[in-house]
Amino acid sequence: MASINKKELFILLFILGSVSYITFVSLTQPYLGIEVGNEGNDWIITNIKGDSWAEKQNVPIGASLASVNGDVPEEHYSIPMFHNLENAGSFTLNHEGEILSYDNIENPSATHWVFFVVIPLLFLTGVLWISHLVYKKVDPRYSVHLLMLFFLTIGLGYISNSGAVRYDLYSVFLNTSLFLAACVILIHFLYKYFAELNIFWFSKNWYIALYSLVGTVTIVEGLLLINGLYPALIYQVLRILLLGLYIILFLIIYRGLYLHKDDAYGTLFKYVSVGMSIAFLPYIMLYLIPTLTIGVKLIPLEFAASFLIALPVTFMYLVTREQLIDINFYMGRLRYYAFLSIVPSLVLTIALSVLIMNSLSFIRYIEVFIVLEITLIVFLSIKELLDFKLQQYLFAARYSYQESMHRMSKNMKNQTNAVDLMKVLRNEISNVLNVRDIYIYSKHNKKALYCVYDPIPEDFLNHFEDQFSNHSYDIGSIIETEKGFGVIVGYSWKKLQCFGAEGRKILQL
């Protein structure tokens, strides 16, 4: 592993410092969740956000702000800039001629902590760990460094949501700039990664131009925040720009998928397209577009952001390229489970609408349907996994050779290297057949025998050394001696791989 350079050290310190500050803001500044609007000379509460302190305290909508922290409302920065009341230690309202005072402000519910603090921190910890693994184990390439930068950018952007919802100025700037930059870094990564494979399907001028655009917008936003200005227009421009970046990103990757779907790299494009769709489409289709068009959020931001977990999994596959993972199989199963879950989710949603006393809004029913759909997909996936994990212990099919082959082929799809693949074969034979011991080993054609899995007794090695010295075997050959049976499972100019067992009853291949 190469020593960390000054640039990488600066980035790491910047991330850790920003995370520490945002976490401190989240711990010390309760999330009020109060939206206000200007009517004449008064600031009127127009909306109370869900899962906020104001919702728990039943702060009345329609009341006018009399003071914030002992001053007139206009003196508190978040009111004229963002039309939201946040970062206030106390405030008073005038509601139907009655003065209401609030000064015992505490942090909101556990749900808010989970989605805005705990999950983002875990996500950032995960991407830091993944970046460390990539830095340590993957050959240093420009695309790998871009991938680590993307991981860290999206991780810090995710955790900045916690400060941005409280309208902390640094967190707001960090949140918008990082999510805009992350899209361009991802486009840059795709170009460099596939360029290393000699695949070119879009011009590098795309990401160069987008870097310039995002840099300009970020500088303008920073100047506005410094000067205490944040017009509604800039807020809409940033969202429209983010949507445009997502559209360009998806056009690039799906064009690559269309052009290369039938060649050797089609699986890589397919995997990237699925991973990005899972990570970004819930946010784009159910949060960003509805907010821009009809002013309604079909799912909460914190729920949409939780789908970002698909990104590290996707791009770790790209840089390691473990071809033993059958992505086509998993994609097919995901589509199948999603199709099976549609009707039950719809029926359960309709049943819920009939049973509950208070009717929910149409948006809430959409959220319920989405949650039920995802829950059923997860349930069916876990059920399939348990079927193959438990049936060998609970059912008579454990000793069925047909079931064994089906179970083994399923388990092999989860493996990413040859040793683990052999481990699956070893476990399956142990479960189905009456075998005393099973060994997996390789013999170098020029050197001494060596083991690639568990230690092998020396007398067993010596015994098979005699067999190999006097015979020449092809792949699939079965060796029978007084100590047991062996099967040749691999051969190269360097080594001969054998799967051997000792016992009275052994495999019949």
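At 6% relative accessibility, Y207 falls under the 20% limit and therefore counts as buried in this predicted model. Y211 reaches 31% relative accessibility and so counts as partly exposed. Both tyrosines belong to helix α7, where they stand four residues apart, about one turn of the helix. The structure holds 23 aromatic pairs, and Y207 and Y211 form one that is edge-to-face, with 6.2 Å from centre to centre and 85° between the planes. Y207 and Y211 are also members of one aromatic cluster, which they form together with F189, Y191, Y193, F194, F200, W201, F202 and F269.

A further tyrosine pair occurs in helix α9, which spans residues 266–293. Y283 and Y287 are four residues apart in that helix, so about one helical turn separates them. The ring centres of Y283 and Y287 lie 5.4 Å apart with the planes at 20°, and because this angle is under 30 degrees the pair is classed as stacked. Y283 and Y287 are both buried. A pair of aromatic rings is described by the distance of the centres and the angle of the planes. On these terms, the pair in α7 is edge-to-face, whereas the pair in α9 is stacked.

The helices that carry these pairs were then examined for their packing. Two packed helices are described by the angle between their axes and the distance between the axes. Helix α7 comprises residues 205–226 and helix α8 residues 232–260; the two pack at an angle of about 165°, and their axes are 12 Å apart. Since angles over 145 degrees count as roughly antiparallel, α7 is roughly antiparallel to α8. The crossing of α7 and α8 is left-handed. On the α7 side, the contact is made by W206, L210, L213, V214, V217, E221 and L224. On the α8 side, I234, L238, L241, L245 and I248 take part. Sorted by class, the contact of α7 with α8 has 11 nonpolar residues, one charged residue and no polar residues.

Helix α8 also packs with α9, at an angle of about 155° and with the axes 10 Å apart. The two helices, α8 and α9, are therefore roughly antiparallel to each other. Their crossing, like that of α7 and α8, is left-handed. The contact of α8 with α9 contains 20 nonpolar, seven polar and two charged residues. Polar residues are thus present in the contact of α8 with α9, while the contact of α7 with α8 has none.

Helix α12, formed by residues 327–355, contains L352 and R335. L352 has a relative accessible area of 31% and is therefore partly exposed. R335, with a relative accessible area of 54%, lies above the 50% limit and so counts as exposed. Each of these residues was paired with a position later in the chain. The C-alpha atoms of L352 and Y365 are separated by 9.0 Å, with the two positions 13 residues apart along the chain counted as their separation. For R335 and I377, the separation is 42 residues in sequence and 9.4 Å in space, C-alpha to C-alpha.

Backbone geometry was considered next. Most residues other than glycine have a negative phi, and most peptide bonds are trans. N58, which is not a glycine, has a positive phi of about 55°. N58 is located in the loop between α2 (53–56) and β3 (64–68), and its relative accessibility of 63% means that it counts as exposed. Y167, also not a glycine, has a positive phi of about 55°. The loop that holds Y167 runs between α5 (142–164) and α6 (169–195). At 15% relative accessibility, Y167 counts as buried.

Over the whole protein, the secondary structure consists of 16 helices and 11 strands. The protein has 509 residues, of which 47% are buried. Among contacts with a separation of 6 or more, 61% are between residues 24 or more positions apart.

Terms used: Residues numbered from 1 in each chain as written. Predicted model: local features only at pLDDT ≥ 70, side-chain atom pairs only at ≥ 80, totals over all residues. Heavy atoms only, no water. Axes fitted to C-alpha atoms, helices over the stretch in contact; angles between N-to-C directions. Parallel < 35°, antiparallel > 145°, perpendicular 65-115°, else oblique. Left-handed = near helix turned anticlockwise from the far one by under 90°. Contact = heavy atoms within 4.5 Å. Nonpolar A, V, L, I, M, F, W, Y, C, P; charged D, E, K, R; others polar. Phe/Tyr/Trp six-rings, centres within 6.5 Å; stacked < 30°, edge-to-face > 60°. Buried < 20%, exposed > 50% of the residue type's maximum accessible area, 1.4 Å probe, protein only.
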